[in-house]
Each structure stands twice: as C-alpha cells, then as structure tokens.
Amino acid sequence: MKHRRITRRRIAIAGTSAAAVVAAGVLLPHANAAQPTAPSPKAFAPAAAAQLAGDLTSRLGDRTAGSYYDAKTKQLVVNVLDATADQKVQDTGAVARTVQHTMAELHRSAETLKAQPRIPGTAWSIDPRTNQVVVTADSTVKGAQLDSLTKSVKALGGTAQLHRSAGRFKPFVAGGDAIFADGARCSLGFNVVKDGQPYFLTAGHCGVAFKSWSGSSGGQEIGNVEAATFPGHDFALVKYTDTSVAHPSSVDLYNGSTQAITKAGDPTVGQTVQRSGSTTQVHDGTVTGLDATVNYQEGSVTGLIQTNVCAEPGDSGGALFSGDTAVGLTSGGSGDCTNGGETFFQPVTAALTEYGAQIG
C-alpha cells in the first residue's frame, strides 16, 4: 500500500481551512437564530375563523386589508400591509398575505362608484381574495351605460375590476318554509324574539309589498308586518298573530329534518354556507364578497353578503346559515338553480340590531 506524503505547507493550509470551518460553525447558528421560524398555519372551523378575523382586524386596524377563509385547507388568510402585521397574524396560526391596496383605498373606490349616477343591473363588493372591488354588470347593462361603467372602473386603476353576469339582478319574490300574501310567495327566514314575543324575519321587499302573511295560499293569517325596509336595506320583521303556530328556532332542510339555529353571526369570504327557500329548497355555496351594493330596478341596497349560492323567485327572505349560525336573509340576484348565478343576502346581524330582536 502506498502512503501519500503530506508536506508541512499543506498541513498549514488544511489547518487554516479547518479553523475557517470552525469559525463558520460558530457564526452560522447565530445567523439562523436571527430569523425566527414562522409557526405552521392552523386549521380553523368557520365560526372560529370569523371570530379570529374580527379580532385581528380590531387589533391591527389599517395594517390589514380584509381576510378570507380557505374551505379546502380550513385556513384563515389575512391580508397585511407590513412586516409587523405579518408576524402578528402568523402568531395566531392564520396565514399572512402581503397585498398592495389598503382597505381604505378599496372603500374609497366603492364610495366613488356609489356617488355616480345609479345604473340598474350593477353590483359591487370588496373581494379580499383579489384585493379589489369586483364590479358586476348583468345582461341588461348595455350601450352607453356599459361604456360609462367600464370607464368608471378603469378610472379606479388596479383597485377595481369589471365582470359580466349572464342573468338579471332582481329581488326573488314570486308569489325556509313558504309564506303567502295575496298571490305572492316568499320564504320565512328565521324565528326571533322581541320583548318576549315571537316574530320572524323575512326580506324587506316582501314586507314592503304585503303586510299580512299566511302559512298557505289563501290560508289564515299567521303574521303581520311590524316593520320593513326596502330599498336601502332588505329586511322585514313580522309579528306572529296566530298563537297556535309553532315557531322553533330552526331551518327546514327539506329532507324530513331541520337544522337548529342557536345564534347569529357575520360570515367570512370563502366560508361555505347553505340557503333554504320555498322554491328551490336547500342549496350550498360560498361567500364571495362582503359589504356589497346591488342596484335593482327598484333601487339600491347596500351592506349585503354576495355568494355563488343559487336562488329563484319565491326564495326571497329565506335563511342563509352555516351550521347552527344564522347568517343572512335572501334578497335577490341573477341566474337560477339550473345555470347558477350570484345571490345577495341581507346580513341577519343588521336586522337583529335594527329591530332589537334576538334569535330564539
């Protein structure tokens, strides 16, 4: 066996290299320690995600720009504007996502649209997934009106984008469970309690059009409208006048069972929700926008929840819910349950606050 001879010079070089490696071995761990490892994102139930989103918005204020729920991964994604907010979001187990536009910028863009001449058949909402105001024009918006809307959206720069809908935005009135009034049909939303007395919520455009409601076509009155608002908002409060009618706090699932409703809450974009209505029964989908404005032919309604859940005439007033949480009242939209479309819902929390009522 041959032995290689190592000169003193080569030993010195090797020693120098080894010293360098040792020095590097001392320094590198300290360099790594200066960069804390981000905690792994947590999985959240929809209600927990919505609560956390509200807490983070309250704590971080204008350093956040909305949030949304990823139903596939069950993660809450929060839009942030700086590194400090990024770290605080990650510390809670949510996913931080750096975006360009502040929530204040997006609200200003929405207010700019609202201040312009109203174009029936249009709607807009803030979409935190795109960090933009998404403007939708239905099939009735054409010619000069469409040109004007397109110009307005372009003037807002990267804060807005324009979509087209193949349907027509309209309140879903046609003559949960069906309620009837003089040839019209809507849907009961949620049973509530006010001052210890039983009431139910339904769509404002149903309550403005008709005061007396029955549980069957041509049947005896079960309730009379005490208050209703449409347009502007779209909710109505109906007082039970027939004391023999049961009024459980539940939603009809149209399969022989019901979903108990124990509370009301605000949704998160991306959250999975269900709708129950007397025409098309139960359908599900996701929340696609919040604080939406829709310009019906009858007038504008603001502060709505935008979804891709389908609905049809007669579903108006019906319940939008997530598990045991009441979320919204069916207002209107475009499309149907064959081809799909957009549907807007009046937040239940706004109606409860307006009327001083509680789920019950």
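**Strand pairing, cores and backbone exceptions in a predicted model**

Strand 4 is covered on both faces: T122, W124 and I126 are buried on one side, and A123, S125 and D127 are buried on the other. The model is a predicted one. Six of the six residues of strand 4 (residues 122–127) are buried, so the strand is largely enclosed by the rest of the structure. Its pairing was examined next. Strand 4 pairs with strand 5 (residues 132–137) in the antiparallel sense, over six bridges. Within this pair, V135 of strand 5 is the bridge partner of W124. The two strands form a hairpin, with four residues between them. N131 lies in the turn and has a positive phi of about 60 degrees. Strand 4 also pairs with strand 19 (residues 281–296), again antiparallel, over four bridges. Here W124 stands opposite T293. W124 is thus matched with V135 in strand 5 and with T293 in strand 19.

The loop between helix 4 (103–115) and strand 4 holds R118. Is R118 buried, exposed or partly exposed? With a relative accessibility of 38%, R118 counts as partly exposed. Beyond four places in sequence, R118 touches N295, Y296, Q297, G299 and S300. R118 and Q145 are 27 residues apart in sequence. Their C-alpha atoms are 9.8 Å apart in space.

In soluble globular proteins, nonpolar side chains tend to be buried together. The largest nonpolar core of the model has 19 residues. Which of its members touch the most others? They are F190, V192 and L201. Strand 10 (190–194), strand 11 (197–202), strand 14, strand 21 (319–322), strand 22 (325–333) and helix 7 (348–355) each supply at least two residues of this core. Helix 7 gives the most, with four residues. The contacts of L201 were then listed, leaving aside neighbours within four places in sequence. L201 is in contact with L188, G189, F190, V192, A236, L237, G317, L329, V348, A351, L352 and Y355. Another core, of 15 residues, lies apart from the largest one. Its members include V133, V135, V141 and L149. V135 therefore belongs to this other core and is also the bridge partner of W124.

Strands of a sheet pair through backbone hydrogen bonds, either parallel or antiparallel. Three strands form an open sheet in the order 1-2-3, with mixed pairing. Strand 1 (64–70) and strand 3 (95–98) stand at the edges. Each has a single partner strand, so one side of each is left without a neighbour in the sheet. Neighbouring strands of this sheet are turned by 25 degrees against each other on average, direction ignored. Strand 1 pairs with strand 2 (residues 75–80) in the antiparallel sense, over five bridges. In this pair, V78 of strand 2 is the bridge partner of S67. Helix 2 packs on the sheet and touches strand 1 and strand 2. The direction of helix 2 makes about 170 degrees with that of strand 1. Helix 3 lies across strand 2 and strand 3. It runs at about 160 degrees to strand 3.

Two packed helices are described by the angle between their axes and the distance between the axes. For helix 2 (residues 46–60) and helix 3 (residues 83–91), the packing angle is about 150 degrees. Their axes are 11 Å apart. The two helices are therefore roughly antiparallel to each other. Helix 2 passes helix 3 in a right-handed crossing. L56, R59 and L60 in helix 2 meet A85, K88 and V89 in helix 3.

Backbone exceptions were considered last. Most residues other than glycine have a negative phi, and most peptide bonds are trans. The bond from F230 to P231 is cis, with omega near -5 degrees. P231 is found in the loop between strand 13 (221–229) and strand 14 (235–240). D182 has a positive phi, near 50 degrees, and is not a glycine. It is placed in the loop between strand 8 (178–181) and strand 9 (184–187). At 74% relative accessibility, D182 counts as exposed. Y254 is likewise not a glycine, and its phi is positive, at about 60 degrees. The loop between strand 15 (250–252) and strand 16 (258–260) contains Y254. Y254 is partly exposed, with a relative accessible area of 26%.

Note on methods. Residues are numbered from 1 along each chain as its sequence is written. This is a predicted model: local features need pLDDT of at least 70, side-chain atom pairs count only at pLDDT 80 or more; totals for chains, interfaces and linings use all residues. Side-chain values use heavy atoms; hydrogens and water are left out. Buried means under 20% relative accessible area, exposed over 50%, partly exposed in between (1.4 Å probe, protein chains only). Two strands pair if DSSP finds at least two bridges between them. A nonpolar core is a set of buried Ala, Val, Leu, Ile, Met, Phe, Trp, Tyr and Cys residues joined through side-chain atoms within 4.5 Å. Contact means heavy atoms within 4.5 Å. Axes are lines fitted to C-alpha atoms, for helices over the stretch in contact, and angles run from 0 to 180 degrees between N-to-C directions. Angles under 35 degrees count as roughly parallel, over 145 as roughly antiparallel, 65 to 115 as roughly perpendicular and the rest as oblique. A crossing is left-handed if the near helix is turned anticlockwise from the far one by less than a right angle, and right-handed if clockwise.
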